[in-house]
Amino acid sequence: MLNDYNYSSLKCLLEWQDKKMSTALLMWRSADEWAKLIFNWAERRGMTNTVCTLYELQSGNDVKNEEFFEIETWVLKRALRVLEKKGKAVMFDIQANDNDNSGGVKFLS
């Protein structure tokens, strides 16, 4: 059970799945933090204005040494949504299912 203190320190890492607050997803890092890591990688690798599949971002040879290697699909999608809202990425062919890693993203410079 979370008390007010614990909740306030975790609120950026915790995502409630129902209105009763009985089920939640907990991230190791916030979606903003993951987004920064992923976008920094894209810039370092010269991947801006390039399309990547979600699979490549999770399991590709270029990300094997990155902190987001084998990131869960639902966390990756949340991070990419952060980048999309900031105008740094455009996602396409993304399925509503949080565990479906089909689709891709174009990082914008």
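This passage describes the aromatic pairs of the structure and the charged groups that sit over its rings. The model is a predicted one, and two aromatic pairs are found in it.

One pair brings together Phe39 and Phe107. The ring centres of Phe39 and Phe107 are separated by 6.4 Å and their planes meet at 65°, so the arrangement is edge-to-face, given that planes over 60 degrees apart fall into that class. This contact links distant parts of the chain, as Phe39 belongs to helix H2 (residues 31-44) while Phe107 belongs to strand S5 (residues 104-107), 68 residues apart. Both partners lie under the 20% cut-off for burial: Phe39 is buried at a relative accessible area of 6%, and Phe107 is buried at 0%.

Helix H2 also contributes Trp41 to an aromatic pair. Here the partner is Phe68, and the geometry is again edge-to-face, with 5.9 Å from centre to centre and 80° between the planes. Phe68 sits in the loop between helix H3 (54-59) and helix H4 (73-85), so the pair ties together parts of the chain that are 27 residues apart in sequence. As for solvent exposure, Trp41 is buried with a relative accessible area of 2%, and Phe68 likewise counts as buried, at 1%.

Turning to charged groups, Phe39 appears once more: the charged end of Lys88 sits over the Phe39 ring, 5.0 Å from the ring centre. A similar placement is seen for Arg29, whose charged end sits over the ring of Trp34 at 5.3 Å from its centre. Phe39 thus takes part in an edge-to-face pair with Phe107 and also has the charged end of Lys88 over its ring.

Conventions: Residues are numbered from 1 along each chain as its sequence is written. This is a predicted model: local features need pLDDT of at least 70, side-chain atom pairs count only at pLDDT 80 or more; totals for chains, interfaces and linings use all residues. Side-chain values use heavy atoms; hydrogens and water are left out. Rings of Phe, Tyr and Trp (its six-membered ring) pair if their centres lie within 6.5 Å; planes under 30 degrees apart count as stacked, over 60 as edge-to-face and the rest as tilted. Helices (H or I, at least four residues) and strands (E, at least two) are DSSP runs, numbered from the N terminus. Buried means under 20% relative accessible area, exposed over 50%, partly exposed in between (1.4 Å probe, protein chains only). A charge sits over a ring if NZ of Lys or CZ of Arg is within 6 Å of the ring centre and within 35 degrees of the ring normal.
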